[in-house]
Amino acid sequence: MRHPAPPPTPPPAPVPARAGSAAVPADGGVPTAAIRARRRDLRWGRGEPGRGEPGRGERGRGGSGSDRRGRARWLRWVAWGVAAGVPLVFLGVFFAYPVLSLVGRGFVTDGALDLSGFGDVFGRDRTWRVVGLTLAQASLGTVLAVVLGVPGAYLLYRTTFRGQGLLRAFVIVPFVLPTVVVGVAFRSVLAPHGPLGFLGWDGTFAGVVAALVFFNYAVVVRTVGGFWAHLDPRTEQAARALGAPPWRAFLAVTLPALTPAIASAAAVVFLFCATAFGVVLVLGGVQYGTVETEIWVQTTQMLDLRAAAVLSVVQVVVVTGVLWAAGSARARRERALALGAPDRVRAVPLALRGPGARWSDRLAAAVTGVVVVVLLGLPLGTVLVRSLRAPDGGWGLANYANLATTGGRNALDVTVWQAAVTSLRTAADATMLAVVVGGLVALVVSRRPRSRAARRSVRVLDALFMLPLGVSAVTVGFGFLISMHDPFGLDLDLRGSTLLIPIAQAVVAVPLVVRTVLPVLRAIDTRLHEAAAVLGAGPARVLAHVDWPVAARSLGLAVGLAFAVSLGEFGATSFLARPDRPTLPVVIFRLIGRPGAENLGMAFAACVLLGAVTALVMAVAERLRSGAAGEF
Amino acid sequence: MTDDGGAPAVQATTAPGAGAGLAVRDVVVHYRDDDGTVATAVDELSLDVAPGEVVALLGPSGSGKSTLLRAVAGLEPLSAGRVLWDGVDLAGVPVHRRGFGLMFQDGQLFPHRDVGGNVAFGLAMAGADRAARKARVHELLALVGLAGFAHREVSALSGGERQRVALARSLAPRPRLLLLDEPLSALDRALRERLAGEVRAALVATATTAVFVTHDHDEAFAVADRIAVMDAGRLLQIAAPAELWHRPATRRVAEFLGYEAFVPVATAPAPVADAVGAAEGVLALGPGSLLADADGPLPGRVVSSGFRRGVVETEVDVAGVGRLTVVQPSGAFHAASAALPAPGDEVRLTPDAAAIAVVPE
């Protein structure tokens, strides 16, 4: 089709034989010079025809243009190949390979495949109890997080009030706290002498679920809230005008519109709950173990790699199933939804009192107030209070002063401040990796290719990059340990590399970056791309001038989130951190494990430090984002 | 546009496969929904647009006119056929190299750029320097009546202002062909009528070749040199407005244009058939084809009647013809305030041969 020849139908005399080869401007081939002259005269400015429009002469020309087009198409394929390939290679080398190595250990005996482990492991009652408990905990945790989180999303993203920014930053803190710390915090709250000891939840199912909700509340609030903030309110207004009371309009119009965001958040929360490790280990112990803790127990305590491998496979299967279900639910609706034009979406001031008071606001404020104070505030407050409790029983900053030491009886090899610096450096590297890889994934996955095969591969890619969310960080970390001393049979021991921890943390953070940037990219109207293309912007420039400015504001948030998660990452890091270069969470874990009030006090002080840094990072990211949104 | 410079419109209609301007040849476009169903949106359609000409694509919604426009722009792949510019096949020429402009129904202004930034976008893509861009933006904003708006945020604009900015943005890089996709449909009627005139003026002033998609008859007649009537993906007729109105090619076209009653010449009431003088075919009668006349040869019975802006429209049931709208000047205030013809009243009518079209059987 792309030959420069004239049309097959015999052209009438005035048509140039080979328009493409004729050295005429874009208007070339117009039969009568009179028309051409007339057009030019009538053109604006009457300047030189070529002025202000270089490059235009090439347009639509045949001839050598067809080679150029072929090259352009080829380049395009290469560019997208690289964009999809870099993350795939990253994921393949640093996620699939270590995890599969670990799993392989369980199934390969003397070089032969041995699947007898499945029958063996599933023959145990313990396995079934663990699987059942995992599902029950994750389901209940997810439901509660959604029920509590949706009012929070409304309050924090659809209304305005003083201190909202602070509250938003506060809500995200639990999500990025090290899991072991949260476990200890909840334990101290629920212990018989703790503030909520009367509930008798210490070491119970309820306690574990409460801690899971504590962690994941922020996921729901932020995912649903971010979506809600851009939802066109006029559909709800239309329902109100049609006679629906507020609750009815919410149920019939707003809630269905929020479904993609809720489904997306619920899927992520379910995965986090199902793979929760530290918090379950501390709170539930062996009695309320999950598949995740069971993998850890089998690997490190019972040294039964086969059982651990079987359980890993079970976990991957469950996770893949959930991802698939959530992905298809989301894909069906996400694209059909148009986000409102920004000028129409305006958060309204919170109305709790006076004639304009709304019950919805009161309900949301009440629910969120209880959640923030009891569920989030109490454990965090307990940690803060205990950090101020000096080892000698008095109050003061002694624990913070001790951060410059290596702990009682030299519990650590470095001071906590040194560990904090290591943490920041590691997190910076991890963030860079995660944002580059996650940004590329979001970019590729946000495309809407025409061909069905390409569309399907985009969906597969989307699901693939959610996998690290569902596979335990413990598995990743342990997999790194056993595979990176001779990766792919190469004589290259990477275990000593300072990049290994950032890479492991990036693997954990990439899905979060994707989830942050992707919805924003997907919400860009295709016709905006088309408008730019028609105005002469090639594919690369459409990306630079349309997608980039819009996505950049969510990228700020992604950077903050990735940084915070890397700072708090514990599961994988605990396997990989060398004693002389631990990160803050590893130090905290070590301090908790050592005897002595001094070490425990230091652990709490370090927790406060980590929480404060995390909150600061999130607050800055939030500020960056809203500042950028102001341009919009 | 066709009154000087060598009547390009005639040339284009008489020379299929011609060189100058846009040529659409046997184009088929299939539209694939997200659920996988395939529909034929454009069905073996051919069309020519001469340089400097403004052609309106008129048709009911779903007739494929927007899809055709997008196919010409390069945004929809062709299943068959060719799109040519100046005789050169555009297959494989990507959207951004076609040098065409496209204006969307809702403008699709870039939300992160101000008005000036939007208008300058195409110029920046073409590599124009800052001074040239600034001058051109200034020039075009003045052309669309928005001088001094360059630094406004697009979110602060009204609907009409947005469309003006979108028009300015489309015209700024001097597209060799401007495609307008229902550019005025989202606006209210008064604004639409005024803007239709302004769009026409802007297109003429810049001598822009344009294809203008609309489902609004008034808009098509107001803006276009020629009107192409589309239905179900096919081109029914393309002609200058007057020719289209007075010589509709088929009964379908006549119906679409608003002709109300169709009577074969053989069975038409004698006064009507005699007045037209056609030997065969079907007579198409619309508002204005029959005039109220106390001595008229045709009897009719009033069905309903109403006062419109300066006219009285009466729906009359005419024996042997059918129901038809008769339009009369409403007269002075006192006459207009008098009782309208009541349903059931008998009226006399006389045919106006000039307002009756003949279409093939």
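Q: A residue counts as buried with 20 or more other C-beta atoms within 10 Å of its own, as exposed with 12 or fewer, and as partly exposed in between. Which of these classes fits A:Leu199?
A: This is a predicted model, and in it A:Leu199 sits in the loop between α6 and α7 (205-228) of chain A. Its C-beta has 14 others within 10 Å. The count lies between the cut-offs of 12 and 20, so A:Leu199 is partly exposed.

Q: How many Å apart in space are A:Leu199 and A:Phe480, C-alpha to C-alpha?
A: Along the sequence, A:Leu199 and A:Phe480 are 281 residues apart. In space, going C-alpha to C-alpha, the gap comes to 41 Å.

Q: Which element gives the largest share of the side of domain 1 of chain A that touches domain 2 of chain A?
A: Chain A splits into domain 1 (115-346 + 360-385) and domain 2 (388-472 + 498-632). Contacts link 37 residues of domain 1 to 36 residues of domain 2. Among the elements giving two or more residues to the domain 1 side are α5 (164-176), α9 (246-274) and α12 (305-334) of chain A. The largest share, 8 residues, is from α12(A).

Q: On that side of domain 1 of chain A, how many residues are nonpolar?
A: Sorting the side that touches domain 2 by class gives 4 charged and 7 polar residues. The nonpolar count is 26.

Q: Where in chain B does pLDDT stay under 50?
A: Chain B averages a pLDDT of 86, and 93% of the residues score at least 70. Where pLDDT is low, predicted coordinates shouldn't be read in detail. The stretch under 50 still has 43 contacts beyond four places in sequence, and it covers residues 1-18 of chain B.

Terms used:
Residues numbered from 1 in each chain as written. Chains lettered and ligands numbered in written order. Predicted model: local features only at pLDDT ≥ 70, side-chain atom pairs only at ≥ 80, totals over all residues. Domains from an automatic or database assignment. Contact = placed C-beta atoms within 7 Å. Helix = DSSP H or I, 4+ residues; strand = E, 2+ residues; numbered from the N terminus. Nonpolar A, V, L, I, M, F, W, Y, C, P; charged D, E, K, R; others polar. pLDDT = per-residue confidence, 0-100.
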